[in-house]
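Student: I would like a close look at one part of this protein: its charged side chains. Could you walk me through where they sit and how they pair?

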Amino acid sequence: EQARGRLVPYLEPILKNLTFALQKYQAKNMLMLYDVIGSLAEAAGPALNRKELIKILMPPLIQRWNKLDDRDRSLFPIGETLSAIAVALRSGFLQFAQPIFNRCLQIIHNTLVEHGRVRKMGGENSWRSYDHAASSEKEFIVVSLDLLAGISEGLGSSVASLVGNSKCLMLLFECLKDPDGDVRQSAFALLGDLARACIGHLKPHFDKFIPISAANIDPHKSPSVCNNASWALGEMAFHAGGKDMAKYIPGLMQRLVPILNGAVKDHNNPSLMENAAITLGRLGLVSPEIVAPHLRHFSKAWCNNLCRILDPKEREHAFRGLCSCIHKNPKGIVNAVPELIIAIASCSQPSEGMANMFHTILKGLHQMMGAKLGNGCNQKAFQFVMERYRVAVR
């Protein structure tokens with residue numbers, strides 16, 4: 001984990017020793033071995049995608065995967081390892097993807113069917129009792145969803161054919177309705193990855209996937225589920241565009257804005273607020289004409305939370321969404337200029353396009369507000385931002 005790229009010259013002998021151990025280790029040590037292989041895949045990344053390395057690594061792993069029964073709990077660690085490898089190999093994993101993808105769907109289907117039978121036979125009370133007693137069985141759904149997400153992330157758009165020729169979306173929707181929070185958390189993670197990889201397959205089903213995602217943006221329930229639902233919605237919005245999202249955005253804002261403003265009593269979770277800021281940014285990016293009129297109601301909180309976003313891509317999307325909304329409704333940011341200045345100052349390495357947007361926004365606000373623009377601002381940050389983005393202050 002520490003060496004990362006420095007391991008690349010030694011990958012072949014390392015993999016030969018690890019795969020030799022796969023043939024010798026027993027169950028207890030096998031867990032550690034899977035963890036090592038997964039960590040190696042995360043550290044090496046795309047450097048692992050070489051024919052000679054794939055030939056060493058994958059056959060013994062696939063052999064072990066195929067030997068295990070669908071109800072063998074040894075599927076959990078090997079599933080996590082295969083997920084890490086799929087992300088690392090990217091296109092190199094395509095040759096192994098279909099049977100693994102299909103098996104994951106079969107495991108999910110069989111588990112859901114078994115739970116459904118009990119519900120049908122015993123009614124709601126029996127369902128609750130069974131669900132409590134068999135919650136560990138749902139770990140098979142979770143590990144399958146996580147592996148599907150890894151395959152989706154690794155293959156990117158190449159996963160579209162696997163999704164299109166399967167019952168993936170039908171099973172995913174059932175998982176999104178599941179009472180088990182761990183199942184829903186993993187299901188929303190997969191939904192977000194599929195939005196990135198094959199939004200065309202999701203669009204015809206937005207009337208199902210978007211309302212259920214919105215319903216799970218509920219901080220009174222599991223924060224992890226709420227975060228993943230918010231993230232998945234942001235991915236769907238960004239990749240689908242404003243035309244397909246427009247009718248859903250007002251309802252989504254009703255869910256996101258109270259979280260962003262910290263208005264949900266006893267549930268002001270910084271992670272939830274940050275994710276709400278990212279998702280609102282993506283909504284504002286694709287449909288600023290819908291988001292911008294409401295800007296004054298959450299502009300301060302939005303700017304404050306933008307400062308905390310670490311992921312470069314998510315930060316870029318959120319800032320671009322904010323700037324698009326300010327361009328549509330500059331009066332909506334007037335009461336939050338000090339927070340805006342701090343937020344822009346926190347963006348240490350903006351892309352060229354982002355820097356140009358900052359210049360345009362700051363110049364427009366200066367023309368509108370004149371000398372009042374800097375009122376209430378941290379003067380050091382104000383001077384830094386105005387100089388950096390070439391806005392002359394008189």
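Tutor: Happy to. Let's start with glutamate 80, which is found in helix H4, the stretch covering residues 75–89. Its relative accessibility is 58%, so glutamate 80 counts as exposed, the cut-off for that word being over 50%. Please keep in mind that this is a predicted model. Glutamate 80 has company on the surface: Asp35, Glu42, Glu80 and Asp146 gather there in a patch of negative charge.

Now for the paired charges. Side chains of opposite charge can pair when their charged atoms come close. With a limit of 4 Å between a side-chain nitrogen of Lys or Arg and a carboxyl oxygen of Asp or Glu, the count comes to 11 salt bridges.

One of them sits within a helix. Lysine 16 and glutamate 12 meet through their side chains, with 3.4 Å from N to O. Both residues belong to helix H1 (residues 11–24), and they are 4 residues apart, which is about one turn of the helix. Lysine 16 has a relative accessibility of 47%, so it counts as partly exposed. Glutamate 12 is also partly exposed, because its value is 31%.

Another bridge joins aspartate 70 to arginine 103, and here the closest N and O atoms are 2.7 Å apart. Aspartate 70 lies in the loop between helix H3 (51–67) and H4, while arginine 103 is in helix H5 (residues 94–133), so this pair ties together parts that are 33 residues apart in sequence. The two partners fall into separate accessibility classes: aspartate 70 counts as partly exposed because its relative accessibility is 24%, whereas arginine 103 counts as buried because its value is 14%. The dividing value is 20%, with buried meaning under it.

Further along the chain, glutamate 174 forms a salt bridge with lysine 177, and their closest N and O atoms are 3.2 Å apart. Glutamate 174 has a relative accessible area of 35%, so it is partly exposed. Lysine 177 is partly exposed as well, because its relative accessibility is 45%.

Finally, have a look at Arg196, Glu235 and Arg282, which are linked in a network of salt bridges.

To put the picture together, as you turn the model you can go from the negative surface patch of Asp35, Glu42, Glu80 and Asp146 to the bridge between lysine 16 and glutamate 12 inside helix H1, and then on to the link from the loop before H4 to helix H5.

Conventions. Residues numbered from 1 in each chain as written. Predicted model: local features only at pLDDT ≥ 70, side-chain atom pairs only at ≥ 80, totals over all residues. Heavy atoms only, no water. Patch = residues over 30% accessible without salt bridge, like charges linked within 9 Å, V, L, I, M, F, W, Y side chains within 5 Å. Areas by Shrake-Rupley, 256 points an atom, 1.4 Å probe, with all protein chains shown as cover. Lys, Arg positive; Asp, Glu negative; His and termini not counted. Charge placed at Lys NZ, Arg CZ, Asp CG, Glu CD. Helix = DSSP H or I, 4+ residues; strand = E, 2+ residues; numbered from the N terminus. Buried < 20%, exposed > 50% of the residue type's maximum accessible area, 1.4 Å probe, protein only.
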